[in-house]
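Colleague: Please take one part of this model and look at it closely. I would like to know how its aromatic rings are arranged and what surrounds them.

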Amino acid sequence: MQLTRRTLLAATTVTAAAATFASPHIARAALPIAQPKLPFGDDALAPSISARTVGLHYGKHHKAYFDKLNQLAAGTRYADMDLAGIVTASAKSEADAKIFNNAAQPWNHVAYWDQFVPGGPNRPEGELGAMIGETFGGYDGFVDRVVSVSDEVFGTGWVWLTRNDDNQLALIGYEDGNNPVAVGRPAYLGIDIWEHAYYLDYENRKPEHIRAVLDKLVNWRVVADRMAV
């Protein structure tokens, strides 16, 4: 299932039980919203993601979204909202597509960096491990499914571990900066498949990048905390 901007605008929210969002570390609840510092050094993800890629991804691409959002939202109804509030409110308005894009991407990226905080297990454990195993046929089946879903996203986008309309654990691909939060779904784990996330290190070998990120970098304690399990 792939969600585009059009389907985001048309989608309805899922049950309240499923509407548990990740909590990116955003310091301010109103403009200007500052880009949080990385929770690790630029070289902490190497060799799976090089320091050069982290520097460009965080220091250029991620920063640019914050800068643009603060510019676009100044003097609008979004000026006093927190970042998640801007995402959910602007997702409902075609006229505010630029604000949505430049709010969703900062939110996505903070959640992305936070899930790599060093020190946790690199495989899902306990109740989370059982849920992953039951839903995807084990951890290897989960990784294979992430790669498969990434191929369903045409061009740039993300793959998120979230829940579907039946409140079942699911992997869903979203084009561009779209995310589960915009449609009331939880965001447990996000894989960035924009080329700036991997091309310097992997060129066109996107599946290799995805597997390296999942096998080497994800702190599954963060994911478990987001799922409250």
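**Aromatic rings and the helices beside them**

Modeller: F40 and W113 are both buried, where buried means under 20% relative accessible area, exposed means over 50%, and partly exposed lies in between (1.4 Å probe, protein chains only). The model is predicted, with residues numbered from 1 along each chain as its sequence is written; local features need pLDDT of at least 70, side-chain atom pairs count only at pLDDT 80 or more, and totals for chains, interfaces and linings use all residues. Side-chain values use heavy atoms, and hydrogens and water are left out.

A search of the whole structure gives 11 aromatic pairs. Rings of Phe, Tyr and Trp (its six-membered ring) pair if their centres lie within 6.5 Å; planes under 30 degrees apart count as stacked, over 60 as edge-to-face, and the rest as tilted. F40 and W113 make one edge-to-face pair, with 6.4 Å centre to centre and 70° between the planes. F40 sits in the loop between α1 (5–10) and α2 (51–73), while W113 belongs to helix α4 (residues 97–114), so this pair ties together parts that are 73 residues apart in sequence. Helices (H or I, at least four residues) and strands (E, at least two) are DSSP runs, numbered from the N terminus. Y112 and F116 form another edge-to-face pair, at 4.8 Å centre to centre and 75° between the planes. Y112 and F116 are buried as well. Ring pairs join these four residues with Y58, W107, W158 and W160 into a cluster.

Next to consider is a helix that packs against α4. The axes of helix α3 (residues 83–90) and α4 come within 9 Å and cross at roughly 140°; axes are lines fitted to C-alpha atoms, for helices over the stretch in contact, and angles run from 0 to 180 degrees between N-to-C directions. That angle makes α3 oblique to α4, because angles under 35 degrees count as roughly parallel, over 145 as roughly antiparallel, 65 to 115 as roughly perpendicular, and the rest as oblique. The crossing of α3 and α4 is left-handed, a term for a near helix turned anticlockwise from the far one by less than a right angle; clockwise would be right-handed.

On the α3 side, L83, A84, I86, V87 and S90 meet I99, F100, A103, A104, P106 and W107 of α4, contact being heavy atoms within 4.5 Å. By class, this contact has 10 nonpolar, one polar and no charged residues. Ala, Val, Leu, Ile, Met, Phe, Trp, Tyr, Cys and Pro count as nonpolar, Asp, Glu, Lys and Arg as charged, and the others, Gly among them, as polar. Six of the eight residues of α3 are buried, so α3 is largely enclosed by the rest of the structure. The buried ones are L83, G85, I86, V87, A89 and S90. L83 has 2% relative accessibility, and its C-alpha is 9.2 Å from that of L31, although the two are 52 residues apart in sequence.

Helix α4 also holds H109, which counts as buried at 0% relative accessibility. Leaving out residues up to four places away in sequence, H109 touches H57, H62, Y65, W158, D192 and H196; W158 is also one of the residues in the ring cluster.

For the wider setting, the protein has nine helices and four strands, and 53% of its 229 residues are buried.
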